[in-house]
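Thanks, everyone, for making the time this morning. I would like to walk you through one model, beginning with its sheet and ending with its largest pocket.

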Amino acid sequence: MYQDHDHGYAKISEEHPYGLRDYMIPPTSGVLEADIYFIDGIARAATAAVILLFSKNPDAIYYIHDYVGREHWYDWLVSRFTHKKIVGSLVKFSKNKDLI
C-alpha cells in the first residue's frame, strides 16, 4: 500500500471522479478534437483516461500537472504508455513516440 504524500494542498480523495462528468468532458465543447491536453485540478487520472478513450486525435499529447511527488496516483494510467517524459512537475505522454 502506498503512503499518501502530504503536499499540504491535495489529497488522494480529490482524484475520485464521482459527479464530475461535465467537468471531465464539458458537453459540446469540442475538447475531444484537441491536439494537446493539459490536465490539472481534480480527478486528473480519470479525466485523462476518458480523453484517451474518446479522443479523436491519435497524435494528441497529454500533460498531467503535479505528477512529480504523486507518481503512484497516476502510474496506473501513465504506465500504459511507453512514451513519457518528466518535464518539471509535469508528465508528458503520448501514443506516438515521435511527439515526446
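**The sheet and the pocket**

Let me begin with strand S2, residues 61–64, which is joined to S4 by four bridges, the two strands running antiparallel. Please keep in mind throughout that this is a predicted model. Within that pairing, Tyr62 has Phe93 as its bridge partner in S4.

On the other pairing of S4, strand S3, residues 84–87, is likewise antiparallel to S4 and is held to it by four bridges. Here Ile86 stands opposite Val91 of S4, and Val87 stands opposite Leu90 of S4. S3 and S4 make a hairpin with two residues between the strands, and in that hairpin Gly88 adopts a positive phi near 65°.

If we now put the strands together, what is their order in the sheet? The sheet is open and has four strands, arranged S1-S2-S4-S3, with mixed pairing. At the edges stand S1, residues 36–39, and S3, and each of these has a single partner strand, so one side of each is left without a neighbour in the sheet. From one strand to the next, the twist averages 20°. Packed on this sheet is helix H2, residues 44–54, which touches S1, S2 and S4 and whose direction makes about 160° with that of S1.

I would like to return to S4 for a moment, and ask how many of its residues are buried. Taking buried as under 20% relative accessible area, five of the five residues of S4, which spans 90–94, are buried, so the strand is largely enclosed by the rest of the structure. That holds for both directions in which the residues point: Leu90, Lys92 and Ser94 go one way and Val91 and Phe93 the other, and all are buried.

Finally, the largest pocket, which holds about 150 Å³ of space. Twelve residues line this pocket, and the closest to its centre are Met24, Phe38, Ile39, Thr47 and Ile51. As for where the lining comes from, helix H1, residues 21–24, together with S1 and H2, each supply at least two residues, and the strand S1 gives the most, with three. By residue class, the lining of the largest pocket divides into ten nonpolar residues, one polar and one charged.

So, to draw the two parts together, S1 is both an edge strand of the sheet and the element that gives the most to the lining of the largest pocket, while H2, which packs on the sheet, also supplies at least two residues of that lining.

Note on methods:
Residues numbered from 1 in each chain as written. Predicted model: local features only at pLDDT ≥ 70, side-chain atom pairs only at ≥ 80, totals over all residues. Heavy atoms only, no water. Buried < 20%, exposed > 50% of the residue type's maximum accessible area, 1.4 Å probe, protein only. Pairing = 2+ DSSP bridges. Axes fitted to C-alpha atoms, helices over the stretch in contact; angles between N-to-C directions. Contact = heavy atoms within 4.5 Å. 1 Å grid on protein atoms, 1.4 Å probe; cavity = no way out; pocket = protein on both sides within 12 Å on 5 of 7 lines; lining within 4 Å. Points joined across faces, edges and corners; volume = space filled by probe spheres on them. Nonpolar A, V, L, I, M, F, W, Y, C, P; charged D, E, K, R; others polar.
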